[in-house]
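Work through the exercises below with the sequence and the model in view. Each task is followed by a solution in steps.

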Amino acid sequence: MKRVSLLLNAYRREVLLLGVLLSVLLLVGLRSPVFVGASSLDALWQDSALLIVMALAQMPIVLSRGIDLSVASNLALSGMAVALLARA
């Protein structure tokens, strides 16, 4: 129990943010059930595909504490990688 308490203290801000996010999702879902429907979530995944690709391209650099990140260069790199994969 003490270990859980220490974890909650260490990540208090993240736990609070998760709680706020879930409560907003619940309130909006109660107000408009279409918002949390399968078609809405599918459209959300399709619309955010480019951002997901960019985040995956930036993740190894951030984790390795490598170079400075430029969003434009990462967008170009992601675009070239997708174009090469589509051509293959």
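Helices (H or I, at least four residues) and strands (E, at least two) are DSSP runs, numbered from the N terminus. The model is predicted: local features need pLDDT of at least 70, side-chain atom pairs count only at pLDDT 80 or more, and totals for chains, interfaces and linings use all residues. Residues are numbered from 1 along each chain as its sequence is written, and side-chain values use heavy atoms, with hydrogens and water left out.

**Exercise 1. Overall form**

Determine the helix and strand content of the protein chain and compare its radius of gyration with the globule rule.

Solution.
- Step 1: The protein chain contains five helices and zero strands.
- Step 2: With a radius of gyration of 19 Å against the 12 Å that the globule rule gives for 88 residues, the protein chain is more spread out than a compact globule. The radius is taken over C-alpha atoms, and the rule is 2.2 Å times the number of residues to the power 0.38.
- Step 3: Along the principal axes, the C-alpha atoms fill a box of roughly 50 × 40 × 20 Å.
- Step 4: Of the 88 residues, 7% count as buried. Buried means under 20% relative accessible area, exposed over 50%, and partly exposed in between (1.4 Å probe, protein chains only).
- Step 5: Carbon and sulfur atoms hold 72% of an accessible surface of about 7900 Å². Areas come from the Shrake-Rupley method with a 1.4 Å probe; for residues, only the protein chains shown count as cover.

**Exercise 2. Helix 4**

Check the length of helix 4 against its expected span, then locate its kink.

Solution.
- Step 1: The expected span is 1.5 Å times one less than the number of residues.
- Step 2: For the 15 residues of helix 4 (residues 49-63) this gives 21 Å, and the end C-alpha atoms are 21 Å apart, which agrees.
- Step 3: A kink of about 25 degrees is found at Ala-57, shortly before Pro-60. The bend is the angle between axes fitted to the seven residues ending at a residue and the seven starting there.
- Step 4: After helix 4 comes Arg-65, with a positive phi near 55 degrees.

**Exercise 3. Individual residues**

Is Leu-56 buried or exposed, and how far apart in space are Leu-56 and Ser-73? Place Val-15, Leu-8 and Phe-35 as well.

Solution.
- Step 1: Leu-56 belongs to helix 4 and is exposed, because its relative accessible area is 52%. Its C-alpha is 14 Å from that of Ser-73, 17 residues away in sequence.
- Step 2: Val-15 sits in helix 2 and is partly exposed at 42%. Its C-alpha is separated by 27 Å from that of Ala-57, 42 residues apart along the chain.
- Step 3: Leu-8, in helix 1 (residues 2-10), is partly exposed at 45%. Leu-8 and Asp-47 are 33 Å apart, C-alpha to C-alpha.
- Step 4: Phe-35 lies in the loop between helix 2 (12-31) and helix 3 (38-47); at 40% relative accessibility, Phe-35 is partly exposed.
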